[in-house]
Every structure is written in structure tokens, then in C-alpha cells.
Amino acid sequence: MTIAFVFPGQGAQTIGMGKALAEAYPVAKAVFDEVDAALGEALSQLIWEGDIETLTLTQNAQPALMATSLAAMRALEAEGVSIDKAAFVAGHSLGEYSALAAAGAISVADTARLLRTRGQAMQSAVPVGEGAMAAILGLDLEAVRAVADEAAQGEVCQAANDNDPTQVVVSGAKAAVERAAEIAKEKGAKRAVMLPVSAPFHCALMQPAADVMAEALAGVEITSPAVPLIANVRADAVTDPDEIRKLLVEQVTGSVRWRESVQSMAAKGVTEFWEIGAGKALSGMIRKIDRNLTSRQVGTAEDVAAITAG
């Protein structure tokens, strides 16, 4: 059995995530303390006792989800399960930063600051209400690309997340994405759902945020990860720090090639995926990508106990 550790992206956040881990494992609590110190605020208090609307703000959700993933990773390590249990790490969008922190390529403090900057930059890149995203269900990537091209009409409209064979997300100018949702239904999509997001992520409209991240990443030390990263924009393994830096910048405007990333890991021998952190969205996608793959969640103290007991 070959295992990959995968790390969730935005949308997985819940109030209270990671609290039981922090109570059960001092090393998990230390992660939240380190993130709080790096940001100069009590983000952990928001995560555990705040309101979901504030937590869901991009600039909060991104470091919060990373902190929860790293707390789960530290709990695993406390039980004797180290990062080299995995053949690869990967993450969905912001989860790529969590994966790199878990693999020791970027410090937790630097990762928290980068994700706070990334969230702020992505939010401010496009005025609220001018961009949108929609999940197209029941059409494959090539069909959705054709839909996006038809809907663009001179505006930005791109396939942003290739999540699984049944779900591709489009991103861009609000009117163009709304047109794409209607065209997709005409082309046979089962559903086209406008997403409750505050900005059009992973499309060309995010170029101002990519410029901000290029500068921010230039000032941060990145080392080779302990295990290879399957990068979002490449859907293949990378270990070179300079290449990782470049791909993290490209990721802001580039597509999240999650379906291909999972297929790439499977082709390299991975049979089981551990979803490290909040939620189980990635596990659901993995099942749809390849029914022969298994997955398990590692987001609570009970999950860690189940793994170490078994």
C-alpha cells in the first residue's frame, strides 16, 4: 500500500475545527500558537469560538485551514506517523501551502503569513460583485472549456478547478460566468451552481494577486520538501525549491488540476489517500476520480487514534 497525504482547500472550514486536537496533543496546540504569533492576532480564538462568516473571509480561512491541517499532522507525528509515511503530498489550492509546510519546505510561521497575504491579495484583486465562480456538474473538462470560451464574449471566463470527472468549476467576470452556467445546462450539464465565493479564484483576473505573491514568495526561504509535491498547475511531482516558488505564483491564476493530480499519484503507485485537516471534500472527489482508490480523513483526535490503533 502506497499512501499520499492530501490537504484541503477553502470551503472545508468549520467553527471548532482542530480544537479537540489541540486539547489532546500539545504539539497540535503549539501549531495554533505559532500561527497566532506569526499573524499577531488570536486566529485560533476565531477558529474555535468565532462566527463562520468571519472565519470564511478568504484572509482568515486560508491560514486557519492550514493551521488545522498542520495540527493534525503534528498529532500524527506524535503518534509515530511521520511525513515519510507518504510517497507524495498534494493540496487543493491553498492546501498546496499546507502540504509544503507539512513536508518541511516552508516554516509554519512563513506559511501562515503567506496565506494571510494570499487571501488579502486574492480578495482585493477584483472588486466585490464583479467576479464569480460556478460549479458545472455532469460535463467533463473539455466540454466545460468549450462552454467557457463560448460564454466569455470578450470577458474572462475560464475552467478554474478540474475537481473530478463530474465537476469542473468556471471562474471569471460575473456576467460571463452566469452565461456559462446557462450554456452548460443547454449543453447537457446536470446542474450549474453559482458558488458563494467572494472573488473569482484561479483565473486571469487574479493577476494582481499573482504579482503580490511573486514578491511575497521571493522573500521566504523554501527548501526541498521531505517528499515530492504534486503541484496543482502541473499535476506532476516537483521538489526543486525555485520551481516550487514559480508554480505557487502560477497557481494564483492557473487551474487547479486536481483530477489529473490524483490520477498522476495513482499512476505512480498510490492506492490510499489520507486527507489531513478539516472536512472530507477531497475524499469525495477521489472516489469519483477512481473507484479503486481508498481514502480516509485525519482531522480529529479520534481519526488519529484510529490510524495509530490500526
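This is a short tour of a predicted model, stop by stop, with something to select at each one.

**Stop 1: helix H8**

Start by selecting residues 141-152, which make up helix H8. At 1.5 Å a residue, those 12 residues should span 16 Å, and the end C-alpha atoms are indeed 16 Å apart, so the expected and modelled spans agree.

Now show the side chains. Which residues of H8 are buried? They are Leu141, Val144, Val147, Ala148, Ala151 and Ala152. These cover an arc of only 130 degrees around the axis, which puts them on the same side of H8. The background is simple: an α-helix has 3.6 residues a turn, so residues three or four places apart point the same way.

Spin the view to the face turned away from that buried side, and you'll find the exposed residues Glu142 and Asp149.

Next, bring up what the buried residues of H8 pack against: strands E3 (131-137), E4 (157-164) and E5 (167-173), plus helices H9 (174-186) and H12 (258-267). Before moving on, click on glutamine 153, which follows H8 and has a positive phi, near 50 degrees.

**Stop 2: two cysteines**

Select cysteine 157 and cysteine 203. Why is there no bond between them? The sulfur of cysteine 157 has its closest cysteine sulfur in cysteine 203, but that is 8.6 Å away, too far for a bond; a disulfide would need the two sulfurs within 2.5 Å. A search of the whole structure turns up 0 disulfides.

Are these cysteines buried or exposed? Cysteine 157 is buried, at 7% relative accessible area, and cysteine 203 is buried too, at 0%.

**Stop 3: H5 against H6**

Pick helix H5 (residues 58-78) together with helix H6 (residues 95-102). Their axes lie 9 Å apart and the helices pack at an angle of about 35 degrees. The crossing of H5 and H6 is right-handed. To light up the contact, select Met66, Ser69, Leu70 and Met73 on H5, then Ser98, Ala101 and Ala102 on H6.

**Stop 4: glycine 50**

Finish at glycine 50, in the loop between helix H3 (43-49) and helix H4 (52-56). Glycine 50 is partly exposed, with a relative accessible area of 27%.

Which residues does glycine 50 touch, leaving aside its neighbours within four places in sequence? Ile15 and Gln45. Add glycine 16 to the selection as well: glycine 16 and glycine 50 are 34 residues apart in sequence, with their C-alpha atoms 8.6 Å apart in space.

Key
Residues are numbered from 1 along each chain as its sequence is written. This is a predicted model: local features need pLDDT of at least 70, side-chain atom pairs count only at pLDDT 80 or more; totals for chains, interfaces and linings use all residues. Side-chain values use heavy atoms; hydrogens and water are left out. Helices (H or I, at least four residues) and strands (E, at least two) are DSSP runs, numbered from the N terminus. The expected span of a helix is 1.5 Å times one less than its number of residues. Buried means under 20% relative accessible area, exposed over 50%, partly exposed in between (1.4 Å probe, protein chains only). The arc is that of the directions from the helix axis to the C-beta atoms. Contact means heavy atoms within 4.5 Å. Axes are lines fitted to C-alpha atoms, for helices over the stretch in contact, and angles run from 0 to 180 degrees between N-to-C directions. A crossing is left-handed if the near helix is turned anticlockwise from the far one by less than a right angle, and right-handed if clockwise.
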